[in-house]
Amino acid sequence: MPKMKTNSGAKKRFALTGTGKIKRKHAFKSHILTKKTKKQKRNLTHMGLIAKVDEASVKRMLCLR
């Protein structure tokens, strides 16, 4: 049986933590930043974790199961 292919878009967007959780970047931080407040932009800088409901689909895209 052939090897599973990792989803190329997913491997660029997600990363694993040491404990096995999946990190993600926040949306809305790439352009049209002039109308957003400093506080909003600063809070979007930090990494977040994906929601529990999305974990199975992201793991499948990254071939972690």
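The side chains of E55 and K59 form a salt bridge, with an N to O distance of 3.8 Å. This is the one salt bridge that the structure holds. The model is a predicted one. Both E55 and K59 belong to helix 3, where they lie four residues apart, about one turn of the helix. Side chains of opposite charge can pair when their charged atoms come close. E55 is partly exposed, having a relative accessible area of 21%, and K59 is likewise partly exposed, at 22%. Since the buried class ends under 20% relative accessible area, neither the 21% of E55 nor the 22% of K59 qualifies as buried.

**Overall architecture**

The protein chain contains three helices and three strands. Read from the N terminus, these elements follow the order α-β-β-α-β-α. The radius of gyration of the protein chain is 15 Å, whereas a compact globule of 65 residues would have a value near 11 Å. Along the principal axes, the C-alpha trace extends over about 50 × 25 × 20 Å.

Of the 65 residues in the protein chain, 12% are buried. The accessible surface amounts to about 5,800 Å², and carbon and sulfur atoms account for 57% of this surface. When contacts between residues at least 6 apart in sequence are considered, 50% of them join residues at least 24 apart.

**The sheet**

The three strands make up an open sheet in the order 1-2-3, with antiparallel pairing. Strand 1 (15-16) and strand 3 (48-49) are the edge strands, each pairing on one side only. Strands of a sheet pair through backbone hydrogen bonds, either parallel or antiparallel. Between strand 2 (residues 22-24) and strand 3 there are two bridges, in the antiparallel sense. Within this part of the sheet, K23 is placed opposite L49 of strand 3.

A15 is located in strand 1 and is partly exposed, with a relative accessible area of 32%. Neighbours within four places in sequence aside, A15 is in contact with K21, I22 and K23. Two of these partners, I22 and K23, fall within the range of strand 2, residues 22-24.

**The nonpolar core and L62**

In soluble globular proteins, nonpolar side chains tend to be buried together. Here the largest nonpolar core consists of five residues, namely A10, I22, I50, V58 and L62. I22 is thus a member of this core as well as a contact partner of A15. V58 lies within the residue range of helix 3, 55-61.

L62 itself is found in the segment after helix 3 (55-61). Its relative accessibility is 14%, so L62 counts as buried; the limit for this class is under 20%. Apart from residues up to four places away in sequence, L62 touches T6, A10, K11 and F14. One of these partners, A10, is also a member of the largest nonpolar core.

Two C-alpha separations help to place L62 in the fold. Although L62 and T6 are 56 residues apart in sequence, their C-alpha atoms are 5.1 Å apart in space. L62 and A15 are 47 residues apart along the chain, and their C-alpha atoms are separated by 9.5 Å. T6 is among the contact partners of L62.

**Positive phi outside glycine**

I32 has a phi near 55°, a positive value in a residue other than glycine. The position of I32 is in the loop between strand 2 and helix 2 (38-45), and I32 counts as partly exposed at 46% relative accessibility. C63 also shows a positive phi, of about 55°, although C63 is not a glycine. C63 is situated in the segment after helix 3, and its relative accessible area of 26% makes C63 partly exposed. The segment after helix 3 is also where L62 lies.

**Accessibility of selected residues**

The following table collects the relative accessible areas discussed above.

| Residue | Relative accessible area | Class |
|---|---|---|
| L62 | 14% | buried |
| E55 | 21% | partly exposed |
| K59 | 22% | partly exposed |
| C63 | 26% | partly exposed |
| A15 | 32% | partly exposed |
| I32 | 46% | partly exposed |

Notes
Residues numbered from 1 in each chain as written. Predicted model: local features only at pLDDT ≥ 70, side-chain atom pairs only at ≥ 80, totals over all residues. Heavy atoms only, no water. Rg over C-alpha atoms; globule rule 2.2 N^0.38 Å. Buried < 20%, exposed > 50% of the residue type's maximum accessible area, 1.4 Å probe, protein only. Contact = heavy atoms within 4.5 Å. Areas by Shrake-Rupley, 256 points an atom, 1.4 Å probe, with all protein chains shown as cover. Core = buried A, V, L, I, M, F, W, Y, C linked by side-chain atoms within 4.5 Å. Pairing = 2+ DSSP bridges. Salt bridge = Lys/Arg side-chain N within 4 Å of Asp/Glu carboxyl O.
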